[in-house]
Amino acid sequence: MIEDNNNSGDSIISDKSEARYYQIRLKGYLSSDWSEWFDGLAISYEENGEILLSGLIQDQSALFGLFIKIQSLGITLLSVNNTGSKT
């Protein structure tokens, strides 16, 4: 755990070693072959044509790396949902 006291006197605590479970909703098309390129996230297809990437993401650096990959493919990012840690 890392504790950082900011100027307001509040304590900010984060555990950078714990992966978090995310659901990333996209608009476009990806075949399931892209799963490995997206760091092993599961790819599912919604009835409304949206794509759902889901799985554990190690940290915010990895999350932003996924955003860059999504942008490089020209796919529209609709939402990102952190559903918590999952072991």
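Entry 1, strands. Before reading any partner residues I fixed one term: two strands count as paired if DSSP finds at least two bridges between them. I also note that what I am looking at is a predicted model.

With that in hand I looked up strand 4 against strand 5, and found that the two run antiparallel and are joined by four bridges. Within that pairing I asked for the partner of Ser-44, and the bridge leads to Leu-52 in strand 5. I then followed the chain from strand 4 into strand 5, where the two form a hairpin with four residues between them, and I wrote down that Gly-49, in the turn, has a positive phi of about 90 degrees.

Entry 2, the other pairings. Which sense does the pairing of strand 3 and strand 5 take? I found that strand 3, residues 20–27, pairs with strand 5 in the antiparallel sense, and that the pairing extends over eight bridges. For Tyr-21 the bridge partner in strand 5 is Leu-56, while Gln-23 stands opposite Ser-54 in strand 5. I also looked up strand 3 against strand 6, residues 76–85, and there too I read an antiparallel pairing over eight bridges, with Arg-25 standing opposite Ser-79 of strand 6.

Entry 3, burial of strand 5. Why is strand 5 described as largely enclosed by the rest of the structure? I checked its residues, 50–57, and seven of the eight are buried, so the description follows from that count.

Entry 4, Ala-42. I placed this residue in strand 4 and read a relative accessible area of 41%, which makes Ala-42 partly exposed. Setting aside its neighbours within four places in sequence, I found Ala-42 in contact with Leu-52, Leu-53 and Ser-54. I also took the separation of the C-alpha atoms of Ala-42 and Leu-56, which is 9.6 Å for two residues that lie 14 residues apart along the chain.

Entry 5, aromatic rings. I looked up the ring pairs and found that the structure holds four aromatic pairs. One of them joins Tyr-29 and Tyr-45, whose ring centres are 6.2 Å apart and whose planes meet at 20 degrees, so I entered this pair as stacked. The pair links distant parts of the chain, since Tyr-29 lies in the loop between strand 3 and strand 4 and Tyr-45 lies in strand 4, 16 residues apart. On accessibility, I read 62% for Tyr-29, which is exposed, and 42% for Tyr-45, which counts as partly exposed.

I then turned to Trp-34 and Trp-37, and asked whether the pair is stacked or edge-to-face. Their ring centres are 5.1 Å apart and their planes lie at 70 degrees, and because planes over 60 degrees apart count as edge-to-face, I entered the pair of Trp-34 and Trp-37 as edge-to-face. Trp-34 is partly exposed, with a relative accessible area of 30%, and Trp-37, at 35% relative accessibility, counts as partly exposed as well. Following the ring pairs further, I found that they link Trp-34, Trp-37 and Phe-38 into a cluster. My last note concerns Lys-69, whose charged end sits over the ring of Trp-37, 5.1 Å from the centre of that ring.

Conventions. Residues are numbered from 1 along each chain as its sequence is written. This is a predicted model: local features need pLDDT of at least 70, side-chain atom pairs count only at pLDDT 80 or more; totals for chains, interfaces and linings use all residues. Side-chain values use heavy atoms; hydrogens and water are left out. Buried means under 20% relative accessible area, exposed over 50%, partly exposed in between (1.4 Å probe, protein chains only). Rings of Phe, Tyr and Trp (its six-membered ring) pair if their centres lie within 6.5 Å; planes under 30 degrees apart count as stacked, over 60 as edge-to-face and the rest as tilted. A charge sits over a ring if NZ of Lys or CZ of Arg is within 6 Å of the ring centre and within 35 degrees of the ring normal. Contact means heavy atoms within 4.5 Å.
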